[in-house]
Every structure is written in structure tokens, then in C-alpha cells.
Amino acid sequence: MWALLPLALWAGEVEFTASAPSEVAAGERFRLTYQVNARPTDFRAPDINGFRILSGPSQSSSTSMQMINGRTTVTESFSYTFVLQASEEGTFTIAPARITVDGENYQSNSLTVRVRQGTAPSSASQAQSTPGQDSQASSRDLFIRATANTLTPYQGQQVIVSYNLYTRVTVNQYSIDRLPSYRGFWTENITAQGQPQTRTEVIDGQTYRVAEIYRVAIFPQRSGELTVDPLQSELVISLPSQRRQSLIDEFFSGSPFGGRQVRQTVESNAVTLDVKALPAQNRPATFSGMVGTDFDVDASINQTELKANDAVNLTIAITGSGNMRMLEEPAINFPANLEVFDPNISDNIRNTTSGISGTRTYDYVMIPRTGGEFVIPEAEFVYFDPQTARYVRKPFGEFVLQVSGEPGLAGTTPGTVSQEEIQLLGTDIRFIRTDNIVLYPAGSAFYGSTLFWLLILMPFLLFAFFVVYLRNQIKLQGNQELLRNKKADKLARKRLKKAKTFLDKKQENDFYDEIFRALWGYLSDKLSIPVSILNKENVEGAFKTKKVPRELSDSFIATLNDCEYARFAPGEKEDRMAEIYKKALNTIITIEKDLRNKQV
Amino acid sequence: MNRYITLILLLLFQHSFAATPEELLEEANEAYTRSEYNYAAELYEQILTEGMVSADLYYNLGNAYFKSNKLGPAIVNFERALRLRPSDEDASHNLAVARSRIVDSTEQRPQLFYERWWKAAYSLQGSDGWAITSIILIIAFLAATSAYLFSKTVVWKKVSFYFMLLFFITGTLSLVFAQKQYNRITSEKEAIIMQARVTAKSSPSAQSSDLFLMHEGTKVTIRNGLGEWKEISLPNGSVGWIKNESMEII
């Protein structure tokens, strides 16, 4: 198939071109194509001398729509194709064709075609005339060659690999069956749009028609030896018939030019690249891995004087040739109290046959929350230029914003961190607890529960009970003492009466015992002191606390003493006993009287 | 008497002896130790869905969320741990670390010294802690009262009277604090912003004008609610409406 020009045309400008191979062999068929990027009203072909016109002119048209940055461009193109056959050797010139577009006349270029002697396609098939092979074109007649523009790239450098189909037979159709896996590479397809352009090339004296069927930009992702696998293409070729065929056979073979159509799969060669690592020497810390050429940075800010809480736009456009889609956001140290939103990234990246290039634009929206001066410091974009093997720094910035408004005023979202918190920034949280965790059902608060109120009320109840009980106890005890106090006199008189009977019977020992018992008993009951701990010494103290007059206590003790002496003293026993009896009686009566008076 | 205390404790905590939550807790702690923070958080949450709580559980869950870089949930759980045990020093520390990582740092309205002291005093314990303290102090008060009533010497009467006064005042305060902390948990609603950016609106409708922007982890107080909207206020006094789903109530 002979080529159409790629549609690199611009609307508004009429381009009218003629194309044909510059070199053909005598007897070879080739195409002469006239192409125009507008709708022509008439087409006048030149006189074609030296060639036989096999067919044509056949007309075809195509419309393409392109959208670039939201603008739509519609391109129409028309082509007029002749199929020619060179009949004799020599150099021939094809005169320009004429065309009219919108009433204006245009002229195409003229072409020069050299016709060489000899090797018409038919001879190629004769070369492989051995039976059994005649159904396929040999690898000498048909092969795909993969070539890279460099075999020793740096890591990340753009390498362009083109796959050219070399043929000496007529190729009616081709399709790419299997693309290489490109393991270890980032790839971008940069094959030219439309029909591939062809040229002729002579290798070892043989003339080949060459068409580029696939072109790719690859970016090695690591250093070392990396291999690009072969590409596989399926072709439909026309093989000229070896034997003279009958007219009917020829008719059924379906070939337009008398050959047989054959399907054939062709594989390209593999390409091995020796990828160099980027030099560690002089590598800036800000280098983010971009390898390419002709990079430039354009940074601009839409205003530098504004009010607090107003938005300001910072635009950073990075232009260059390299793996633009993998470009990393430049690191900018924005001031802490400037609120910066994630940038809006827009790309204008072109895949052209010479590689990937274009512009990536970062659009930052920034809002100063306080007044004052904000300085966005100078930053830089660093890339590695493989041609010079050097790191290139492209500095941009610095920008100073003058923001009117209260400086340091805490806005709704202050970005500042207080001093106290800064100290904490470096610390980590403490470890979890693993021991003695007591789980309990949710909502079981102790406060306000029945148990709580019970525990609050219980002490009060216990307290009240305790107080009442203790009071009663004390009262009871007090009553007993009172009773004994009241009965003391009676008891003493009873004992004295008993002593009187002993006196009458002259029973001396019993009499004194009874007197003692009466006196001590009386004292014990009156003073609320148990008999067991009573003695003459504490009797005096007890009398004192009861405020009994001295004479009375003295006489009481004297009576006790007399009793003791009288018991063992010699002399008239009966008189003494009577005297003691009288004395004891008197003492008790006077004390009783005295205490009675005090109680009232 | 000891037997009865044990019985009461058993009744109170009987659920904790069910095997599953304890095992979950152990597994979660192990996961955390192995740095599988997401898994640990999941397990802790599972314990919570089974209806079991504990200040330590919330503390651990907060840690797990913090380690998996979920600041909002981490802060919510540290706050919950502190609600149950205000004196938890580790939880306050971790909360401070988590707060230092969030975007907003709304300033607290400066408090007067007595407000600060009052807050520091009632924050010493949770409501249950204060409840137990008040019971102990009431018992002490009654003991002192009996000592006063039945002591026979003047010195004892004086001493027990002062103790009586002391226990009465502290016991009453404990009760007040218990009630205060109880109110804080049950009625005073605070919430933590859970979405990266939340814009507070002037009224409960998406069309109303924007008032201010908040970021994940910010603590707000809920004042009012209407449908899927809540009126919230910030410590600095700003008030606005946000949607229920953008925050989590502590």
C-alpha cells in the first residue's frame, strides 16, 4: 500500500501535496497520491509521461475532528490516487496538479521518480521458487526491524523505538498482533496517525519498501540490562503466481493484480538496552527523578496585595520533553499560616513522533487567614539532562504577599500551632493497657443506682438505731442507780434493825458484820460505787464530789473506825455495841438528810 | 460482712465473667502489640457492640485508631475514656498528642481561677468514683457524730465535732461532684468532627451560607438538633449548623 500523507494540517490553510516513492524498479506498480486538506471543487491531473496508468484517479475523503484544550477543529481531507507502473528506466518528473478551493487555484508540488533497472516484485518470488515455500514470503523479503534511538540511555530517559516493516512483496494489509510487554519500562504510544509513510531503502543491493508500523516512547524504570521483547504483526501479502494460471483460476484467487493473497505472521527483533543509573554525584536533594531535555519553569502569581481571607492563585507551569505524565509536584515551603489547597493540575502533553513533550500546570489556591507579610520562598525544579549528563536546576519564586488585616488574628481555621503543642509534636502516644481491665455492662452507672441510694441511706438508719439503743442503755443504767440511791436508806435501816436483833441476842460478831454491811452498802448505793472497790480513802473523795460537809464524812469514817476498834477492844461489850448502833444510825440519818436537801 | 461485699461485687460485675469479651480483649491487645492496629480496633469495637465498656477499653481503642491514622475516632475514644475516669493520666497525654496532630486548634475561652479550680476538683474522679467517696465520707460523718454525742470528756467532744464538720462538708461536695459528672455524661453533649473538612452553615439547610470550616478531630458542643442537623458551638464561641453524619457524639 502506498502512502497517504499524515494529516498534520491546519484548518484555514490549504495544503495540496503530491506524493510518490522517489525510487521504483522498472515494471513495479506504485501509487501517486494527491492530497488536499479542504473540499476542492475540481481536480485537474497533469499529463503523466513515462508511466502507465493502471487505474485512477480514485477519490477518497476523510474527516477528522480534533479537540485540543476544549477547542474543536474539524479537518477534511481529500485524496486522489493513481496506480502507476514504471515501464522504462530513467528519471521522470510528474508535473504539478491543479485544484480549486473556494474559487482559488492551488498547485501541488512536482515529483521526481527514478526508475531503476530490473528487480520487479516478480523476481523476488522467483528467488524462492522451491515448492513448499511458495506459500510464504521469505524472511529476506519480509521482516520487521526494531530500532531504538539510543542503546545506552539513562534510567528514566526517553527512548524512541520504531518498528519498520521491510518488504519486497506487496503488503495488502497489516495488523499488530502482539505488542511487547515492555517489562521495566513506562511506555507511551507515539505512532503517527493515519496511514504509515513509506520510503525505499536498499540493503545488500536489494530494494525494500519500508513503512513504520509502530513507534513507542519508552522510559526505563531501572538501571541494568533491559530487553524489549519482539513485536508480532500479521500481514496479508500478495505473492505473484509462479505458474501461468488459467483465467478462471486467476479470477477465483481474488487477487487484484494476479498474485495470490497469503496471510503471514512476522516478528521483529528484540532490542536490548544497557540502562545507566543516574549519577549520584552532584545530585541535588530536591531532584525528584525527572529525566529529559529543554525543561523550563514559569511561575506566576495573580496578585501580591490582598485582604485577609481573600484567595490568591499561584501558577507553576513546567515545560519540557520527557516523561511529563510522571512529573512530580514541585516541593514549595508554604508559610504555615497560609492555607494552601491541593493544586489543580492541567496537562498539555503531546505525543509526537519525536517523543513526549508539553506542559504541566499546577494551579494553587492560597488563602491567607491573617494579615501581614507572607513570603513564599524560592523553590526549584531539578531535572537530569541526559545529553549533557548533568543535573539542571530551574529555580522559581520567591513571592511576597502583602495581606491587609489584623496580623496574628485567629481566624476560623488558624493554621498556627501553639508553643505548648509544638513540644508535643515529637512525642508518641503511650502504650495500651493490658492488665486488670474490668469490663462492665454499659449504662450501669453506680451513681444513681438503687444500690447507691441504699448505701447512702443505710448508714443513717444504722446511726439512728445505734443512737436510740445507746440512749436507752444509758437511761436504764441511770434509773438503776437512782433506784438504788432511793432504796439505800431503807436497806440501811433494815440492816440496822437486823443488827439490833443481834445486839439483843448479844451475838457480837454478827452484829458488827451487819453494821459494816449497812454502812458500806449505804455508801455504795448512794455514791454509785461498787462495794468491792470502796475503801476509806475513796470514800472521802466521793463525799467531796457529792458536796457532803466535812463533819459528816468525818463522822461516817469515825463510825467505821469505831466499829473496827470496838470489835477487838476489851471492856463492857454490850454498852459499846449499843453505842455503835446509835452512832451508825445517826450518821446514816444525817447523811441521808443532807443528800435529800441537796437533791431538792 | 466480707461475704456480702463479694456478693454485691459479683452482682455488679457478673457480666464481665462471660468468656467472650475477655477473650476478644486479649486478642485485640495481642493484635495491637503485633502492630495490626486496624484489626485491633475492629476487635475493641466488637467488645463495645456486645455492650461492655471500661475506661481502659476506650483508651486502648483510641490508641488503635491513632496508630491507624484515624484521628477523629481516636480523639472520641480518648474523650470517652476520660469521661469514665477523669484522672486517667495516660489518656490525657494521648489525647493531647492526638489533638496536636489535628488541623484546628480552637482556643479555649480563658476561665477565671475559681472556675478552673472547680473544674479541676470535680474532674478528679468520675461520677461513680465520687459516689463511692461520698458514701465513705457519710459513714465517717456519722461515726464522728456518734463520737461527739457519746464521748464524756471535753477534749474528745471538741475533736469529734471538728471531724463531724469536715466529713459533712466533704461528703456533701462529693455528692455534688458525682451529680455534676453524671450530668456531664448524660446531658452535656459534646462531639468530635469525623470528616476531613466540615463547613458549618448558618441554618440547617445545605443552601444556607457557610460560616466557618472545621477539620477532623475538632471538639464541638451540641446545643440543639433539627432532623439530620445539629447546632454546634466551638470553644471560641462560634455557632453553626452541621450534619449529624459529620461528627460523632462522645
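At 44% relative accessibility, A:Asn309 counts as partly exposed, because its value falls between the limits of under 20% for buried and over 50% for exposed. In this predicted model, A:Asn309 sits in the loop of chain A that runs between β22 (305–307) and β23 (312–322), and its backbone has a positive phi of about 70° although the residue is not a glycine. Such a value deserves attention because most residues other than glycine have a negative phi. Chain B offers another case in B:Asn69, which has a positive phi of about 65° and is likewise not a glycine. B:Asn69 belongs to the loop between α4 (55–67) and α5 (71–84) of chain B, where its relative accessible area of 67% makes it exposed.

A further backbone feature concerns the peptide bond that leads from A:Gly397 to A:Glu398, which is cis, with omega near -10°. A:Glu398 is placed in the loop between β29 (390–396) and β30 (399–404) of chain A. The general background is that most peptide bonds are trans.

These loops of chain A belong to a chain with 31 strands and 8 helices. Of its 600 residues, 40% are buried, and the area that chain A exposes comes to about 33500 Å², with carbon and sulfur atoms supplying 49% of it. Among the contacts in chain A with a separation of 6 or more, 73% are between residues 24 or more positions apart.

Within chain A, strand β3 (residues 29–36) is mostly covered, since 6 of its 8 residues are buried. This strand pairs with strand β1 (residues 16–19), to which it is joined by 4 bridges in an antiparallel arrangement, and in that pairing A:Ser19 stands opposite A:Thr33 of β3(A). β3(A) is also joined by 8 bridges to strand β6 (residues 71–86) of chain A, again running antiparallel, with A:Val83 in β6(A) as the bridge partner of A:Arg31.

Elsewhere in chain A, an open sheet of 3 strands follows the order β4-β8-β9, with antiparallel pairing. Because β4 (42–44) and β9 (104–107) each have a single partner strand, they stand at the edges, and one side of each is left without a neighbour in the sheet. From one strand to the next, the twist averages 25°. The pairing of β4(A) with strand β8 (residues 98–101) is antiparallel and extends over 3 bridges, and here A:Arg44 stands opposite A:Arg98 in β8(A).

Turning to chain B, helix α6 covers residues 89–101, and its 13 residues should span 18 Å at 1.5 Å a residue, which agrees with the 19 Å between its end C-alpha atoms. The N-terminal end of α6(B) is capped by B:Asp88, which places a side-chain oxygen 3.2 Å from the backbone nitrogen of B:Asp90. The buried residues of this helix are B:Ala91, B:His93, B:Asn94, B:Leu95, B:Val97, B:Ala98 and B:Ser100.

Further along chain B, B:Ser151 is found in the loop between α8 (127–150) and α9 (154–186). At 14% relative accessibility this serine counts as buried, because its value lies under 20%. When residues up to four places away in sequence are not counted, B:Ser151 touches B:Trp156 and B:Lys157.

Terms used: Residues numbered from 1 in each chain as written. Chains lettered and ligands numbered in written order. Predicted model: local features only at pLDDT ≥ 70, side-chain atom pairs only at ≥ 80, totals over all residues. Heavy atoms only, no water. Helix = DSSP H or I, 4+ residues; strand = E, 2+ residues; numbered from the N terminus. Buried < 20%, exposed > 50% of the residue type's maximum accessible area, 1.4 Å probe, protein only. Contact = heavy atoms within 4.5 Å. Areas by Shrake-Rupley, 256 points an atom, 1.4 Å probe, with all protein chains shown as cover. Expected span 1.5 Å × (residues − 1). Polar contact = N/O pair within 3.5 Å; in protein donor to acceptor, adjacent residues only side chain to side chain. Pairing = 2+ DSSP bridges. Axes fitted to C-alpha atoms, helices over the stretch in contact; angles between N-to-C directions.
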